[in-house]
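Open the model in your viewer and keep the selection tool handy. We will walk through a few stops, one selection at a time.

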Amino acid sequence: MVEKIQQIHQEVLAYVFDENQKAEQFRLAYLSKKGIITELFEVFKTCSVEEKKSLGSVLNQLKREVESKYQEQKEKEEALSDQQHNAEDVTLPVYQFQSGALHPLRIVEDRLLEIFYSLGFDVSEGPEIEDDYHNFGALNFAEDHPARDMQDTFFISGHVLRTHTSSVQIREMEKGNFPLRLVMPGRVYRNEAVSARSNCFFHQIEGLYIDKGVSFADLKQTLYYFVQQFFGEGTKVRFRSSYFPFTEPSAEMDIWAGLDTEENRRLTKGTGWLEVLGCGMVHPNVLKSCNIDPEECSGFAFGMGIDRITMLKYGIADIRDFFVNDVRMLKQFAGI
Ligand code: PHE
C-alpha cells in the first residue's frame, strides 16, 4: 500500500496539464467517485488498525496535494476563460478609429470656390512651371522689372516657377472663349527667406472676369460679396489704390479687423485694417497681348493668398505650421 501511495504521488507530481488534460480530466482521474484517490481510500478501509495508523496521514497528505493541484489548475483555466470572454465582450466601448481631416488650406480653397461658383465663376488651373512670357511678359512687366530679378523668382533652365497665378489669366484669355468668368487656384513660388510670415511657396487664387462693359463697380461688388460670405456679414472693406503692371487702375483691398485686442493691434500694425488681396481692371496691354480689343471688352482681375486668409480666418500665427504635418494641428480642423 505504501508503495502504491508513493507511486501515485510520483504520478501526480509528473502530471502535466494541456489541451487534453485539463483540470476536469485530472479531477475525474483522481478525485471523482471512481478516481484513484477514492479507490485508495476504499482499500484503506479494509486495512488493519495498525496499517491505518501508519498509512492515514500519508494518504491524507496525498489527497490534499492532489486537491490543491486541481484547485490551482482550475483557477488558472477560469482566469484564462475570463480573459477570452472579455475580448469578445460586445458591451465594451468600440475601438476609436482615427479619421482624417481636410487640410485647412483645402478647407479654405473649397469654401472660396463655393462662394465664386455661386456668383457664376468656373474654375481653371495652369502649370506651375511657366515660361517668362506667361508669368511676366504678357502681363505687361517691363524687361527690367525688378520682379524678374533672382531675388523673387526661381529660374529653372529657361523657365520659371510661377510667382503668381496671374499667369493662368493669360493662358485662359489666349484660348479665345468669351465671356470669361474664372477662379484659378494653385501653388506659387518666390525666392524669399522662410519665416513665420513668408514661405518660398504658398497658394493663391486668381479671379478674372472679361466681358463687354465690365466695370470697377463690378469688381468692388464681387469682392464685397466674397468678404461678407467668407469673413462674415457686416465685415467692413476698403480699397486702397495700388500698382500692378497688369491692372490699371489697381487696388489693394483691406478688411476691418479692429483694434480691440492686442492680437489685432499686432496683426494690423496698429491700423485696424488687414490687407487681403490685390485687384484691378485688366490692363489694355494685357488684353492686347491676348488678342482682345480693349475698345470692345474690359475685365477685372484679383489675386489673393490662400495661406494668408486661412491664417487670418483661423488665427494661425506661423505659415510654416501648414507644412509640418503635425497631426495635433491638423486634427483641430476635423469637422469644420
Ligand atoms: N498677382 C498679384 C500678386 O501676386 C495679385 C493680383 C492679381 C493683383 C490680379 C491684381 C490682379 O501679388
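Select histidine 164 together with the ligand: a polar side-chain atom of this histidine lies 3.1 Å from a nitrogen atom of the ligand. As you look, keep in mind that this is a predicted model.

Now add arginine 190, where a polar side-chain atom sits 3.0 Å from an oxygen atom of the ligand. Add glutamine 204 as well; one of its polar side-chain atoms is 2.9 Å from an oxygen atom of the ligand. How much of the ligand does the protein bury? On its own the ligand exposes 330 Å², and the protein buries 89% of that.

**Stay on glutamine 204**

Color strand E6 (201-211), and you will find glutamine 204 within E6. Is glutamine 204 buried or exposed? With a relative accessibility of 10%, glutamine 204 counts as buried, because the cut-off for buried is under 20%. Next, show the backbone of threonine 165: its nitrogen lies 2.9 Å from a polar atom of the glutamine 204 side chain.

**Widen to the whole shell**

Select the 14 residues around the ligand; those that come nearest are His164, Ser166, Arg190, Gln204 and Glu206. By type, the shell divides into five nonpolar, seven polar and two charged residues. Then color the elements that each supply at least two residues of this shell: helix H7 (166-174), strand E6, strand E9 (273-282) and strand E10 (298-305). Which of them gives the most? That is E10, with three residues.

**Move to the second largest pocket**

Leave the ligand and select Arg106, Glu109, Gly186, Arg187 and His203, which lie nearest the centre of the second largest pocket. This pocket has 14 lining residues and holds about 260 Å³ of space. Helix H5 (104-118) and strand E5 (180-189) are the elements that give two or more residues to its lining. Color the lining by type and you should find four nonpolar, four polar and six charged residues.

**Last stop: glycine 120**

Follow the chain on from H5 into the loop that leads to strand E1 (122-123), and pick glycine 120 there. Glycine 120 has a relative accessible area of 39%, so it counts as partly exposed, between the 20% and 50% cut-offs. Finally, draw a distance between the C-alpha atoms of glycine 120 and leucine 182: your viewer should give 8.5 Å, although the two residues are 62 apart along the chain.

Technical notes. Residues numbered from 1 in each chain as written. Predicted model: local features only at pLDDT ≥ 70, side-chain atom pairs only at ≥ 80, totals over all residues. Heavy atoms only, no water. 1 Å grid on protein atoms, 1.4 Å probe; cavity = no way out; pocket = protein on both sides within 12 Å on 5 of 7 lines; lining within 4 Å. Points joined across faces, edges and corners; volume = space filled by probe spheres on them. Helix = DSSP H or I, 4+ residues; strand = E, 2+ residues; numbered from the N terminus. Nonpolar A, V, L, I, M, F, W, Y, C, P; charged D, E, K, R; others polar. Buried < 20%, exposed > 50% of the residue type's maximum accessible area, 1.4 Å probe, protein only. Near = heavy atom within 4 Å. Polar contact = N/O pair within 3.5 Å; in protein donor to acceptor, adjacent residues only side chain to side chain. Areas by Shrake-Rupley, 256 points an atom, 1.4 Å probe, with all protein chains shown as cover.
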